[in-house]
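Colleague: I would like to learn how to read a fold like this one, going from strand pairing to helix packing and then to single residues. Could we take the features one at a time, with the general idea before the case?

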Amino acid sequence: MAEISNPIYFLIRKVTLLLCLISSISLAQNFPDKPLRVIVGPGPDSLARITGEKITEDWGQAVVVDARPAAGGIIAGDTVAKSVPDGYTLLLSTGSFTINSVLQPKMPYDFQNDLAPVSLLATLPFILVVNSSSPIKSLKDFIAASKTQPGKLNYASSGNGTPAHLAGEMLKQMAGIDILHIPYKSAAAGVTDLLGGQVNCMFVPAPSALPFIRSNQLRAIAVSSPKRYSVLPEIPTVAEEGYPNFAIVGWNGIHVPAKTPKSVIEKLNKEFVKVMHQKEVQAKAVAAGFEPLGSSIEEFAQFVKSDISRSSEVIKTGNIQPY
């Protein structure tokens, strides 16, 4: 106790804190002075490349996109969480990471504690689609058919515990219908069987669904987002069709290791927000199927918290298991 009350102790502590502050400011001023690496888990890497090109132009440093989709993004997240916290290794985070944090019993890292949010770049809806030859013309048709044939209709997903699976499970719970979940190894595999008539419907990420909708091979009957999708404004939301609490979106954001200096995180946030608000970047994002955003650090943190809460509720109610 005598040591703690010693004035020299407090002086040393203040000097140490001051040096840490000076070091953090210096790091932010010099950042970045070497290439950055964006690690991508499951899903498209388009936003990493689109934003990376602009950041390279602004900062004069290459942005390397490193795809590591295995294990549903667990490897990608763990790699970033355990990397040097200097702002040079970033994660293109998605809904798969929030779901894993709830669904997987033994994670090698803690998504909320070992990673820090930088910015929510964009969201995208899941589009509920049926084969264009299907007699089902609307979500109400599908719900009615499900109720008259309990246990007979099914829905595909890109895998157990994926955002598309949770979208189907959320609809099942809210509509009180008995439909069978058929998980595939990828969205493409599920769409292939939907086109072949082996499955009845599927919540498909917008970028993957749009080419088939535009070629009239698939029919869109609803979107999962809380608001209508700007690319397909004529398609109603699930909420509009009678389930007001239904809302689930895919998303892309940026995370860094939790111990990254705040000054560096703020500099990264400022750059990503700036890039995401450029008309050229927004046009490319929309063309890729996204709804461009670019949020504050605090907004993204709240978004992640809400996403985890929503996923947790669906997983618990549906008794969804990892595999």
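Modeller: Let us begin with pairing: two strands pair if DSSP finds at least two bridges between them. In this model, which is predicted, strand 1 (residues 36–40) and strand 3 pair in the parallel sense over four bridges. One position at which to see the pairing is V38, whose bridge partner in strand 3 is L90.

Colleague: How many bridges join strand 3 to strand 9, and do the two run parallel or antiparallel?

Modeller: Three bridges join them, and the two strands run antiparallel. Here the position to look at is L91, which stands opposite H255 in strand 9.

Colleague: Which residues of strand 3 point one way and which the other?

Modeller: T89, L91 and S93 point one way, L90 and L92 point the other way, and all are buried. Because five of the five residues of strand 3 are buried, the strand is largely enclosed by the rest of the structure.

Colleague: Before we turn to helices, what are the overall dimensions of the C-alpha trace along its principal axes?

Modeller: The trace spans about 80 × 50 × 30 Å along those axes, and the chain has 13 helices and 10 strands. Of the 323 residues, 51% count as buried. As for how contacts are distributed along the sequence, among those between residues at least 6 apart, 80% join residues at least 24 apart.

Colleague: How are two packed helices described?

Modeller: Two packed helices are described by the angle between their axes and the distance between the axes. Take helix 3 (residues 46–59) as the case to work through: its axis and that of helix 11 (residues 262–276) come within 10 Å and cross at roughly 110 degrees. Angles of 65 to 115 degrees count as roughly perpendicular, and helix 3 and helix 11 are therefore roughly perpendicular to each other. On the side of helix 3 the contact is made by L47, T51, K54, I55, D58 and W59, and on the side of helix 11 by K267, L268, E271, F272, K274, V275 and M276. Sorted by class, this contact has seven nonpolar, one polar and five charged residues.

Colleague: Is T51 buried or exposed?

Modeller: Buried means under 20% relative accessible area, and T51 is buried because its relative accessible area is 2%. Once its neighbours within four places in sequence are left aside, T51 is in contact with F272, V275 and M276.

Colleague: Which elements do the buried residues of helix 5 pack against?

Modeller: They pack against helix 4 (74–81), strand 3 (89–93), helix 6 (111–114), helix 8 (163–175), strand 9 (249–257) and helix 13 (297–318). Helix 5 itself, residues 95–103, is mostly covered, with seven of its nine residues buried, namely G95, S96, F97, T98, I99, N100 and L103.

Colleague: At roughly what angle do the axes of helix 5 and helix 13 cross?

Modeller: The two axes come within 9 Å and cross at roughly 50 degrees, which makes helix 5 oblique to helix 13. The crossing of the two helices is right-handed. In helix 5 the residues that meet helix 13 are G95, T98, I99, S101, V102 and L103, and their counterparts in helix 13 are V304, D307, I308, S311, S312 and I315. By class, this contact of helix 5 with helix 13 has six nonpolar, five polar and one charged residues.

Colleague: With which residues is L103 in contact, its neighbours within four places in sequence left aside?

Modeller: With G161, I315, I320, Q321 and P322. L103 counts as buried because its relative accessibility is 8%. The C-alpha atoms of L103 and T162, which are 59 residues apart along the chain, are separated by 9.9 Å.

Colleague: To finish, in which strand does N252 lie?

Modeller: N252 lies in strand 9, and at 4% relative accessibility N252 counts as buried. With its neighbours within four places in sequence left aside, the contacts of N252 are P44, L47, L92, S93, T94, L120, L121, A122 and F290. Among them you will recognise L92, met earlier as one of the residues of strand 3.

Terms used:
Residues numbered from 1 in each chain as written. Predicted model: local features only at pLDDT ≥ 70, side-chain atom pairs only at ≥ 80, totals over all residues. Heavy atoms only, no water. Buried < 20%, exposed > 50% of the residue type's maximum accessible area, 1.4 Å probe, protein only. Contact = heavy atoms within 4.5 Å. Axes fitted to C-alpha atoms, helices over the stretch in contact; angles between N-to-C directions. Parallel < 35°, antiparallel > 145°, perpendicular 65-115°, else oblique. Left-handed = near helix turned anticlockwise from the far one by under 90°. Nonpolar A, V, L, I, M, F, W, Y, C, P; charged D, E, K, R; others polar.
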